Amino acid sequence: MSGLYDAVQAATNVIAHETIAPPQVAIVLGSGLGPLADRVVHRRIVIEYDRIPGFEPPGISGHAGRVILGDLAGVPVIIFQGRFHYYEGHELSAVTLPMRVAAALGTKHVILTAATGGIAFGLRPGDLCLVTDHLNLMGGNPLRGPHDHRLGVRFPDMTQVYSPFWRSLATEAASELGIDLKPGVYASLPGPSYETPAEIRMLRALGADVVGMSMVPEAIVARASGMDVLGFAMVTNAAAGSGEDPSAEITHEEVLDVAKVAGGRLGDLIVRILGQWHGKN
Ligand code: HPA
């Protein structure tokens, strides 16, 4: 009956076929977080996206395209290394297929990571931001379309998208590692152009602290699928017009360079969080 349901099943079957331990936590790696995938050593399985129906090969530099299964800090995880983005022309339902697949595999928790521009005064390139809420400004919703109750309810609640439980674990782990984790609201825009200074002033007035081109559709689908969500934004640049030099341009190269450094620290933080969660479970 549902094309989407069948698509989820087809992708899930390929991954389930190779899975040794059902993943408890899904992790979506943004730019710069690739090395975290290399830390999955025990029971490691790699599946290239081109083997998974509906998964798109990533089109931009800084993004690989593969699923990694295995243990991280003792926790069975599924890592999505490489996103397919809305700005590449994919539908929001396609962009969020990995979240549906994670839920179909029985995964109950998701960690989302993304590079962002810092809007809030006090956020600097290299900072790590703990996402507390979001503004969906993508111009669409990934849940739009015929409803299939097997994939969740029609009108899912979004009061607490970002799990207070996981946020408090993250805050604790960050303070142990000496990481200044700053809470913030993530605004997602479709891209691919970066924002204008006027748009950044508008976003600041709306209550946004960081801006990016991903995360929010995934968070909506993850939550609608009953998963707990933890979101981290790496601040890779001052948002347009808001740095020390207001006429400074933003480049993808700058974003990737800073993401590499911030991604290393965020990887350490995620491993720490998972280790503590593992210890408590
Ligand atoms: N705007 C939107 N997306 C981004 C930015 C930005 O400044 N930096 C990294 N991703």
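The following legends describe close-up views of a ligand site and of selected salt bridges in a predicted model. Local features are restricted to residues with pLDDT of at least 70 and side-chain atom pairs to pLDDT 80 or more, whereas totals for chains, interfaces and linings use all residues. Residues are numbered from 1 along each chain as its sequence is written, and side-chain values use heavy atoms, with hydrogens and water left out.

**View 1. The shell of residues around the ligand.** The ligand is surrounded by Ala115, Thr116, Gly117, Tyr194, Glu195, Val211, Gly212, Met213, Thr236, Asn237, Ile250 and Val255, a residue being included if one of its heavy atoms lies within 4 Å. Six of the shell residues are nonpolar, five polar and one charged; in this division Gly counts as polar, and Tyr, Met and Ala are among the nonpolar types. Strands β5 (109–118), β8 (210–212) and β9 (228–238) each supply at least two shell residues, and the largest share, three residues, comes from β5. Strands are DSSP runs of E with at least two residues and helices are runs of H or I with at least four, numbered from the N terminus.

**View 2. Polar contacts of the ligand.** Polar contacts are pairs of N or O atoms within 3.5 Å. A ligand nitrogen lies 2.7 Å from a polar side-chain atom of Asn237. For Glu195, a side-chain N or O atom is 2.8 Å from a nitrogen atom of the ligand, and for Ala115 a polar backbone atom is 3.4 Å from a ligand nitrogen. Of the 260 Å² of accessible area that the ligand has on its own, the protein covers 96% (Shrake-Rupley method, 1.4 Å probe).

**View 3. The salt bridge between Arg83 and Glu218.** The whole structure contains nine salt bridges, each a side-chain nitrogen of Lys or Arg within 4 Å of a carboxyl oxygen of Asp or Glu. In one of them, the side chains of Arg83 and Glu218 meet at 2.8 Å, N to O. Arg83 lies in the loop between β4 (75–81) and α3 (92–95) and Glu218 in helix α7 (residues 216–224), so the pair ties together parts 135 residues apart in sequence. Both Arg83 and Glu218 are buried (under 20% relative accessible area; exposed is over 50%, and partly exposed in between; 1.4 Å probe, protein chains only).

**View 4. The salt bridge between Arg124 and Glu244.** The closest N and O atoms of Arg124 and Glu244 are 3.8 Å apart. Arg124 is exposed at 51% relative accessibility, as is Glu244 at 77%.

**View 5. A salt-bridge network.** Asp127, Asp180 and Lys182 are linked in a network of salt bridges. The side chains of Lys182 and Asp127 meet at 3.0 Å, N to O.

How values were computed:
Polar contact = N/O pair within 3.5 Å; in protein donor to acceptor, adjacent residues only side chain to side chain.
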